[in-house]
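Open the model in your viewer and keep the selection panel to hand. The stops below run from salt bridges to strands.

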Amino acid sequence: QVQLVESGGGLVQAGGSLRLSCAAVGSAFRIDAIGWYRQVPGNQRELVATIGKGGITNYADSVKGRFTISRDDAKNMVYLQMNSLNAEDTAVYYCNAKSPLPYGRTLDYWGQGTQVTVSS
């Protein structure tokens, strides 16, 4: 079992920066890809960025060039550095970890979410 604990959200002015952190607690060795999703009330949860065990990253087009995802496997941590924030980045951000299962399936773990609010 894996628990994900997020921190680092808050209120920031447009153009500012925040860094989100996510700690994987428990059987973190089971984790392959890990990343961040976000959700605005009334909308579907959307991918922000992910990073695989080999360090391959994937970003939503809306955050490319502004956000950077990184992971520290020795500490079982993943980070999301968010720069040049704008009002459209306001959302609840969720940490997600994927654990491979047989036959190509994956098991998803989710954190409790952390609110990011960007004031214009």
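**Salt bridges**

Searching the whole structure turns up six salt bridges. Keep in mind that this is a predicted model.

Select D61 and K64. They form a salt bridge, and their closest N and O atoms lie 3.1 Å apart. Now show the surface around D61. Its relative accessibility is 64%, above the 50% cut-off, so D61 counts as exposed.

Move to R71 and D73. Here is another salt bridge, with 2.9 Å between the closest N and O atoms. Is R71 buried or exposed? R71 has 18% relative accessibility; that is under the 20% limit, so it counts as buried. D73, at 42%, counts as partly exposed.

Next, select D108 and K98. Their salt bridge brings the closest N and O atoms to 2.5 Å. This pair links distant parts of the chain: D108 sits in strand β10 (residues 106-110), K98 in strand β9, and 10 residues separate them. Check both ends for exposure. D108 is partly exposed, with a relative accessible area of 32%. K98 is partly exposed too, with a relative accessible area of 23%.

Then select four residues together: R38, E46, R66 and D89. A network of salt bridges links them.

**Strand β4 and its partners**

Select residues 34-39. This is strand β4, and it is mostly covered. How many of its six residues are buried? Five are.

Add residues 46-51, which make up strand β5. β4 and β5 pair in the antiparallel sense, over five bridges. To see one pairing, pick W36 in your selection and look across to β5: its bridge partner there is A49.

Follow the chain from β4 into β5. The two strands form a hairpin, with six residues between them. Stop at G42 in the turn, where phi is positive, at about 90°.

Now add residues 91-100, strand β9. Which way does β9 run against β4, parallel or antiparallel? The pairing is antiparallel, over six bridges. For a marker on this side, select G35 and N96: G35 stands opposite N96 in β9.

Leave the side chains on as you look along the strands. In a regular strand, side chains alternate between the two faces of the sheet.

**Back to the start**

Finish with β9 still selected. This strand pairs with β4, and its K98 holds the salt bridge to D108. Step back to β4 itself: it pairs with β5 as well as with β9.

Key:
Residues numbered from 1 in each chain as written. Predicted model: local features only at pLDDT ≥ 70, side-chain atom pairs only at ≥ 80, totals over all residues. Heavy atoms only, no water. Buried < 20%, exposed > 50% of the residue type's maximum accessible area, 1.4 Å probe, protein only. Helix = DSSP H or I, 4+ residues; strand = E, 2+ residues; numbered from the N terminus. Pairing = 2+ DSSP bridges. Salt bridge = Lys/Arg side-chain N within 4 Å of Asp/Glu carboxyl O.
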